[in-house]
Amino acid sequence: MEMTVQLTIDCSDPQRMVTFWVEALGYVVEPPPGGHATWRAYWAALGVPEAELPAGAGDIPESIIDPAGHGPRVWFQQVPEPKVAKNRWHFDLKAGGGRDVPLDVRTQRVKATVERLVKAGATVLRIKDEPETGLYAAAMQDPEGNEFDVV
């Protein structure tokens, strides 16, 4: 049996999250299947009752995919309730290249990624600059307050 993985992220503004995470992960917007204009049109063609689809669901892009086909599909599911606590999971964006890369090179790569993601709507929570342990990383938040790290 084949199994695939989808990461579903509850949010208030799927379009904003799609825009941010496409930039952060290097993903692309997932097009509706079968030549349908929208996901909503696709679901309707499958026979999903309108009563099961919230207003606006599937009318704008809500999911992103890895263009190379290696990473999981990410679906941003609009929910009515706000985020109220820290997530118990987070992304680690491994921009530095790993411990085999000199610390000064990793630091510059992390700084460049942090700068790019701040311009895309992220917030820096804290910088971990520990040369004695060979660590340079940034703890950040996406536009809806979900934490992630750039290492």
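Let's start with a turn. β6 and β7 form a hairpin, and four residues lie between them. In that turn sits Gly-134, with a positive phi of about 75 degrees. Keep in mind that this is a predicted model.

How do the two strands of this hairpin pair? β6 and β7 are antiparallel, over seven bridges. In general, strands of a sheet pair through backbone hydrogen bonds, either parallel or antiparallel.

Take one residue of β6. Ile-127 lies in this strand, which covers residues 123-130. Across from Ile-127, in β7, stands Ala-138.

Is Ile-127 buried, exposed or partly exposed? Its relative accessible area is 41%, so Ile-127 counts as partly exposed. The band for that word runs between 20% and 50%. Ile-127 also belongs to a nonpolar patch on the surface, together with Val-118 and Val-124. The three have about 200 Å² of accessible area together.

Now cross over to β7. Five of its seven residues are buried, so β7 is largely enclosed by the rest of the structure. β7 has another partner too. Four bridges join β7 to β8, and these two run antiparallel. One pair to find on screen: Ala-139 has Asp-149 in β8 as its bridge partner. β7 and β8 make a hairpin as well, with five residues between them. Gly-145 is in that turn, and its positive phi is about 90 degrees.

Next, the inside. Which residues of the largest nonpolar core touch the most other members? They are Trp-21, Phe-76, Leu-117, Met-140, Phe-148 and Val-150, out of 22 residues in that core. Several elements supply at least two residues each, among them β1 (6-11), β4 (73-78), α3 (103-119), β7 (135-141) and β8 (147-150). Which element gives the most? That is α1, with five residues.

Stay with Met-140 for a moment. Leaving aside neighbours within four places in sequence, Met-140 is in contact with residues including Val-114, Leu-117, Val-118, Val-124, Leu-125, Phe-148 and Val-150. Notice two names there: Val-118 and Val-124 are also in the surface patch with Ile-127.

Last stop, a sheet. Four strands make an open sheet in the order β1-β4-β3-β2, and the pairing is mixed. Which strands are at the edges? β1 and β2 (28-29) are, each pairing on one side only. β2 runs antiparallel to β3 (residues 63-65), and two bridges join them. Val-28 stands opposite Ile-65 in β3.

To recap, β7 forms a hairpin with β6 and a hairpin with β8. Thanks, everyone.

Definitions and conventions:
Residues numbered from 1 in each chain as written. Predicted model: local features only at pLDDT ≥ 70, side-chain atom pairs only at ≥ 80, totals over all residues. Heavy atoms only, no water. Patch = residues over 30% accessible without salt bridge, like charges linked within 9 Å, V, L, I, M, F, W, Y side chains within 5 Å. Areas by Shrake-Rupley, 256 points an atom, 1.4 Å probe, with all protein chains shown as cover. Salt bridge = Lys/Arg side-chain N within 4 Å of Asp/Glu carboxyl O. Buried < 20%, exposed > 50% of the residue type's maximum accessible area, 1.4 Å probe, protein only. Core = buried A, V, L, I, M, F, W, Y, C linked by side-chain atoms within 4.5 Å. Contact = heavy atoms within 4.5 Å. Pairing = 2+ DSSP bridges.
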